[in-house]
Amino acid sequence: MPSFLGDYKGAAPNRESLFKRAVNSYLKQSLPEEERELICISDGCQKTIDILEKIYDKKLASGTIKLIKLPRHAVFTGTVRQAGCEAASGDILCNLDTDDQILPNHLQNIDACFDPARLDWVYWNPITKPDDLQDVEFYSDIEPRLGSRHRRVLAPGDG
């Protein structure tokens, strides 16, 4: 999660609140905590560091949330996301932006649908929870049929 909470052109308002909402949506996932990690990259933002160290200190200590402190980079260069990919310990990488939130079965659905023996990559078109939606039970009714799967393309002779 690239986590620059300062202002820039096109940034969502209320960034700190949205960041906490995004982190909380990750923490509410049905996939067991020991099978996932959230990597937050501060991208030169002290606000990110302060929020994580004050509110989510126990999750940082347990490794459920990892914090990478980088100097500020130009917006959307890919350097920050790449740092998160390199720090990841799992085989499946997902993106969660600071102004998004995911529903409780999001990671479980991806885990259930991704078959690395058949697929090289998966594009998952997530359903994100609108702010005004109170009842999220519908999400479990459609698991694991969400998302788009892409088959491995074999070159001739790869069998």
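Student: How much space lies in the largest pocket?
Tutor: Good place to start! Keep in mind that this is a predicted model. In the largest pocket, the space comes to about 750 Å³.

Student: Which residues lie closest to the centre of the largest pocket?
Tutor: The lining of this pocket is made of 30 residues. Among those lining residues, the closest to the centre are Glu 37, Ala 88, Ile 92, Leu 93 and Cys 94.

Student: Which element gives the largest share of the lining of the largest pocket?
Tutor: Let's look at the candidates. Two or more lining residues come from each of strand E1 (38-41), helix H4 (79-87) and helix H5 (106-113). The largest share is 4 residues, and the element that gives it is H5.

Student: How many residues of the lining of the largest pocket are nonpolar?
Tutor: Let's sort the lining by residue type. There are 6 polar and 8 charged residues in the lining. The nonpolar residues number 16.

Student: Now to the helices: are H1 and H2 roughly parallel or oblique?
Tutor: Helix H1 (residues 15-27) and helix H2 (residues 46-55) pack with their axes 11 Å apart, at an angle of about 45°. Roughly parallel would need an angle under 35 degrees. The angle between them therefore makes H1, relative to H2, oblique.

Student: Which residues of H1 make the contact with H2?
Tutor: Take the H2 side of the contact before the H1 side. H2 brings Lys 47, Thr 48, Ile 51, Leu 52 and Ile 55. From H1 come Glu 16, Phe 19 and Lys 20.

Key:
Residues numbered from 1 in each chain as written. Predicted model: local features only at pLDDT ≥ 70, side-chain atom pairs only at ≥ 80, totals over all residues. Heavy atoms only, no water. Axes fitted to C-alpha atoms, helices over the stretch in contact; angles between N-to-C directions. Parallel < 35°, antiparallel > 145°, perpendicular 65-115°, else oblique. Contact = heavy atoms within 4.5 Å. 1 Å grid on protein atoms, 1.4 Å probe; cavity = no way out; pocket = protein on both sides within 12 Å on 5 of 7 lines; lining within 4 Å. Points joined across faces, edges and corners; volume = space filled by probe spheres on them. Nonpolar A, V, L, I, M, F, W, Y, C, P; charged D, E, K, R; others polar.
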